[in-house]
Amino acid sequence: MTTVIHWFRQDLRLADNPALAAACAQGAVIPVYIFDNVRPGDRRMGGASRWWLHHSLRSLDADLRAIGSRLILRRGESVSVMMALIAETGADAVHANRQFEHWWRSADDELAAVTTLTLHDGNQLAPPADVQTGSGTRFRVFTPWWRALLRQMPPRRPVPAPTHISTPEVASDRLEDWDLLPTRPNWATGFDIWAPGEAGASARLATFLPVIETYEVGRNLPAHPATSRLSPHLHFGEIGPATIWHHASKAAGEGAEPFLREIGWRDYATNLIDQFPDYAERNGKPSLDGLRWREGPDADADFEAWTKGQTGYPIVDAGMRELWVTGWMHNRVRMIAASFMIKHLLIDWRRGERWFWDTLCEADYAANGANWQWVAGSGVDAPLFSRIMAPLSQSEKFDAGDYIRKWVPELASLPEPWIHDPEEFGQRPQNYPPKRVGHREARERALAARS
Ligand code: FAD
């Protein structure tokens, strides 16, 4: 009987998994997850992602056991671990869903040179290279890219989950030995709002679909959560974008468009790292390379205050505290908090990107890098650096009062409009910090650094 390996990476699901389905069609399957801290280099998983991974792998193992299989865990550099597994089991081939991060692409190339590796397109709406301009080039701007993608939609129909997988006896690591969970201190107690795993992802989608038509208006209001919160599930591939597309379209028809467009931003970010493999490290616009970012002890102290939600700007502090407690932050607030760090504190966007990399459950090389570059104004498609967001008026405009009250309890008793800017109204409580920098002063400093 033929035995093949399914290599799980960011596709931790059974349904809508073309690589797993292809492996199952060939014979017995060894489903393996390799925890690789070598290939990604300094892009090894951050703390919050490791928390998610632990729970997601446990859930995947239970799902596999329910259909007669189990998850084999191995640790180390992926290509050598995979070759050792092939030698040990006599497996004939490897199937995997394609990843676009440069460290996976080089691993795939090396593996394909020495064994039969089949890559499938399971994690995107469409393979990035298939979305092209009329003259056969790649897009760098979202809107025309989106129009071209829409011409290829709907995506493929999701393949059903296998009902049985036979798996030979193969040794596995113990998940507990990987130390993915924090212990001293356990900073993840607030992460219990999440249910990692395929069932949790489906439940999250099922909760969201009945309210999908409130998304367009509600998505910018952090105090009235109206977004799907599917991002960590999508990042780890516990649900695929094709499944989401079909369910959302069925639930809301054309009314699903504003939501599907955001799902599109995820593919679009992958389109960028496919063209610019180091996009999360290097300015998309080289013209920004000369910008004089602040460095040194004062900048370090400002950065630390930002990470801790102690900047004196309530909306920024609320967001940074939500991130720390839950491993997630509302998108509108991410934009405000990121913009504040970049433009008000004049700290290199890459430093904030790294903080998010460690603290977001869904830290994603493509989406994180692309969004930080967009906010910084350094992205290939981004607005100008000189467009500076005013955090206090954003807070008021998007009705963030109750959001601030929830995450910044020192300010909980302040009414509108003081809650957005207590210092300006002479209402700053003693236990809440003064502003690290004034808005006007920060704006002038940022514009001067650019020139
Ligand atoms: P919804 O609004 O319900 O959107 C549905 C899905 O679409 C999301 O789950 C996500 O997969 C995708 N999506 C939505 N907006 C974007 C976007 N702007 N770019 C790419 N995909 C998007 N998203 C990540 O998945 N990983 C990251 O590391 C990440 N870092 C970010 C950093 C900054 C500075 C900013 C401004 C945004 C970042 N985002 C990132 C994008 C966005 O904030 C999150 O995807 C979104 O907030 C997740 O919440 P949701 O699932 O409720 O989104």
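Leaving aside its neighbours within four places in sequence, which residues is A449 in contact with? This exercise and those below use a predicted model.

**Exercise 1. Place A449 in the chain and describe its surroundings.**

Solution.
Step 1: Find the element. A449 belongs to helix α18, which covers residues 439-450.
Step 2: Check the cover. The relative accessibility of A449 is 5%. Buried means under 20%, so A449 counts as buried.
Step 3: List the contacts. With neighbours within four places in sequence left aside, A449 touches L291, R292 and L346.
Step 4: Compare sequence and space. A449 and G309 are 140 residues apart in sequence. Their C-alpha atoms lie 25 Å apart in space.

**Exercise 2. Decide whether the protein chain is as compact as a globular protein of its length.**

Solution.
Step 1: Count the elements. The protein chain has 18 helices and five strands.
Step 2: Apply the globule rule. For 451 residues the rule gives 22 Å, and the radius of gyration is 23 Å. The two values are close, so the chain is as compact as a globular protein of that length.
Step 3: Add the dimensions. Along its principal axes, the C-alpha trace spans about 75 × 55 × 45 Å.
Step 4: Look at burial. Of the 451 residues, 57% count as buried.
Step 5: Look at the contacts. Take those between residues at least 6 apart in sequence: 78% of them join residues at least 24 apart.
Step 6: Turn to the surface. The accessible surface comes to about 18,500 Å². Carbon and sulfur atoms account for 52% of that surface.

**Exercise 3. Test the span of helix α12, then describe its packing.**

Solution.
Step 1: Work out the expected span. At 1.5 Å a residue, the 13 residues of α12 should span 18 Å. The rule uses one less than the number of residues.
Step 2: Compare with the model. The end C-alpha atoms of α12 are 18 Å apart, which agrees.
Step 3: Check the cover. Eleven of the 13 residues are buried, so α12 is mostly covered. Among the buried residues are P314, D317, M320, L323 and T326.
Step 4: Find the partners. The buried residues of α12 pack against α11, α13, α14, α16 and α17.
Step 5: Look past the end. Just after α12 comes G327, with a positive phi of about 75°.

**Exercise 4. Is W324 buried, partly exposed or exposed? What does it touch?**

Solution.
Step 1: Place the residue. W324 lies in helix α12, residues 314-326.
Step 2: Classify it. Partly exposed runs between 20% and 50%. W324 has 43% relative accessibility, so it counts as partly exposed.
Step 3: List the contacts. Leaving aside neighbours within four places in sequence, W324 is in contact with W187, F191, W355 and T359.
Step 4: Compare sequence and space. W324 and G190 are 134 residues apart in sequence. Their C-alpha atoms are 8.7 Å apart.

**Exercise 5. Where is D302, and is it buried or exposed?**

Solution.
Step 1: Place the residue. Helix α11, residues 297-308, contains D302.
Step 2: Classify it. D302 has 8% relative accessibility, so it counts as buried.
Step 3: List the contacts. Apart from neighbours within four places in sequence, D302 is in contact with R294, L345, I347 and R436.

**Exercise 6. Classify two aromatic pairs.**

Solution.
Step 1: Recall what is needed. A pair of aromatic rings is described by the distance of the centres and the angle of the planes.
Step 2: Note the total. The count comes to 30 aromatic pairs.
Step 3: Take Y33 and W178. Their ring centres are 6.3 Å apart and their planes stand at 45°, so the pair is tilted.
Step 4: Place these two residues. Y33 is in strand β2, and W178 is in the loop between α5 and α6. The pair links distant parts of the chain, 145 residues apart.
Step 5: Check their cover. Y33 is buried at 6% relative accessibility. W178 is buried at 2%.
Step 6: Take W52 and F236. Their centres lie 6.4 Å apart, with 10° between the planes. Planes under 30 degrees apart count as stacked, so this pair is stacked.
Step 7: Place this pair. W52 sits in helix α2, and F236 in the loop between α8 and α9, 184 residues apart. Both W52 and F236 are buried.

**Exercise 7. Which rings have the charged ends of K343 and K435 over them?**

Solution.
Step 1: Take K343. Its charged end sits over the ring of F385, 5.1 Å from the centre.
Step 2: Take K435. Its charged end sits over the ring of Y313, 5.7 Å from the centre.

How values were computed. Residues numbered from 1 in each chain as written. Predicted model: local features only at pLDDT ≥ 70, side-chain atom pairs only at ≥ 80, totals over all residues. Heavy atoms only, no water. Helix = DSSP H or I, 4+ residues; strand = E, 2+ residues; numbered from the N terminus. Buried < 20%, exposed > 50% of the residue type's maximum accessible area, 1.4 Å probe, protein only. Contact = heavy atoms within 4.5 Å. Phe/Tyr/Trp six-rings, centres within 6.5 Å; stacked < 30°, edge-to-face > 60°. Lys NZ or Arg CZ within 6 Å of the ring centre and 35° of its normal. Rg over C-alpha atoms; globule rule 2.2 N^0.38 Å. Areas by Shrake-Rupley, 256 points an atom, 1.4 Å probe, with all protein chains shown as cover.
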